[in-house]
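Trainee: Could you take one part of this structure and walk me through it closely? I would like to know where it sits and what it touches.

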Amino acid sequence: MRIKVLAVGKKMPGWVQAGWAEYHKRLPKEVKLALIEIAPGNRGKSSSAATAMKEEAARISAAIEPTDTVIALDVKGRNWSTEQLAENIASWQMDGLQIALLIGGPDGIAPELLAQAKQRWSFSNLTLPHPLVRVVLVEQIYRAFSLLNNHPYHK
């Protein structure tokens with residue numbers, strides 16, 4: 001199974017890189033999880049958040065392949081338990097889907113990308129820093145695979 005995480009933001013702090021690396025190495029060999037960092041849009045006095053989101057959307061769109069099933073991480077999405085994530089992963093595997101998980105920038109994901117998403121997934125109603133989302137995401141993917149493989153980590 002191939003899962004791509006398309007995340008706006010580059011040059012993450014060391015703890016983010018270490019957290020990602022730790023859970024990434026624990027994944028089963030048959031899971032191909034890739035992190036693709038997307039350059040953030042220009043945010044400054046002379047540009048708007050909407051313009052920055054459009055720049056990010058163009059960069060994200062360029063990284064989405066026609067065969068990818070897009071899942072957007074969005075605060076207005078549905079909350080999934082770890083068990084529900086595991087069920088979704090099992091379903092995606094059975095259907096032979098290649099997944100692209102989208103993590104937006106500081107202003108979220110552009111509406112045109114949200115419209116393209118097959119599903120919207122919300123971690124929480126809390127506002128989480130985007131670097132932390134990466135670590136929680138890879139840990140939850142690992143935990144879901146642990147659950148699917150009856151590994152004791154989930155307990």
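Mentor: Let us take helix 5 and then follow its contacts outward. The model is predicted, so local features need pLDDT of at least 70 and side-chain atom pairs count only at pLDDT 80 or more, while totals for chains, interfaces and linings use all residues. Residues are numbered from 1 along each chain as its sequence is written, and side-chain values use heavy atoms, leaving out hydrogens and water.

Start with the helix itself. Helix 5 covers residues 130-148. (Helices, H or I with at least four residues, and strands, E with at least two, are DSSP runs numbered from the N terminus.) Its 19 residues should span 27 Å at 1.5 Å a residue. That expected span is 1.5 Å times one less than the number of residues. The end C-alpha atoms of helix 5 are 27 Å apart, which agrees.

What comes after the helix? Asn-150 lies in the segment that follows helix 5. Its phi is positive, about 55°, although Asn-150 is not a glycine. Most residues other than glycine have a negative phi. Asn-150 counts as exposed because its relative accessibility is 71%. (Exposed is over 50%, buried is under 20%, and partly exposed lies in between, with a 1.4 Å probe and protein chains only.) Lys-11 also has a positive phi of about 55° without being a glycine. It sits in the loop between strand 1 (2-8) and helix 1 (14-26). Lys-11 is exposed too, at 80% relative accessibility.

Helix 1 brings us to the packing. Two packed helices are described by the angle and the distance between their axes. Helix 1 and helix 5 pack at about 10°, with axes 9 Å apart. (Axes are lines fitted to C-alpha atoms, for helices over the stretch in contact; angles between N-to-C directions run from 0 to 180 degrees.) The two helices are therefore roughly parallel. (Under 35 degrees is roughly parallel, over 145 roughly antiparallel, 65 to 115 roughly perpendicular, and the rest oblique.) Helix 1 brings Trp-15, Val-16, Gly-19, Trp-20, Tyr-23, His-24 and Arg-26 to the contact. Helix 5 brings Pro-131, Leu-132, Arg-134, Val-135, Val-138, Glu-139 and Tyr-142. (Contact means heavy atoms within 4.5 Å.) By class, the contact of helix 1 with helix 5 holds 9 nonpolar, 2 polar and 3 charged residues. (Ala, Val, Leu, Ile, Met, Phe, Trp, Tyr, Cys and Pro are nonpolar; Asp, Glu, Lys and Arg are charged; the others, Gly among them, are polar.)

Now the second partner. The axes of helix 3 (residues 82-94) and helix 5 come within 9 Å and cross at roughly 75°. That makes helix 3 roughly perpendicular to helix 5. From helix 3, the contact uses Thr-82, Glu-83, Leu-85, Ala-86, Ile-89, Ala-90 and Gln-93. From helix 5 come Gln-140, Ile-141, Arg-143, Ala-144, Phe-145, Leu-147 and Leu-148. The classes in this contact of helix 3 with helix 5 are 9 nonpolar, 3 polar and 2 charged.

Next, go back to Arg-134. Among the residues that Ala-7 touches is Arg-134, along with Leu-35, Ile-36, Glu-37, Ile-38 and Ile-103; residues up to four places away in sequence are not counted. Ala-7 is found in strand 1. It is buried, at 0% relative accessible area. Leu-102 is 95 residues from Ala-7 along the chain, yet their C-alpha atoms are separated by 6.0 Å.

Strand 1 also leads to charge pairs. Side chains of opposite charge can pair when their charged atoms come close. The structure holds 11 salt bridges. (A salt bridge is a Lys or Arg side-chain nitrogen within 4 Å of an Asp or Glu carboxyl oxygen.) One joins Asp-68 and Lys-4, at 2.7 Å from N to O. Asp-68 is in strand 3 (residues 68-79) and Lys-4 in strand 1, so the pair ties together parts 64 residues apart in sequence. Both residues, Asp-68 and Lys-4, are buried.

One last pair lies within a helix. Arg-59 forms a salt bridge with Glu-55, with the closest N and O atoms 3.9 Å apart. Both lie in helix 2, 4 residues apart, about one turn of the helix. Arg-59 is partly exposed at 34%, and Glu-55 is partly exposed at 26%. Elsewhere, salt bridges with shared partners join Arg-2, Lys-4, Glu-65 and Asp-68 into one network.
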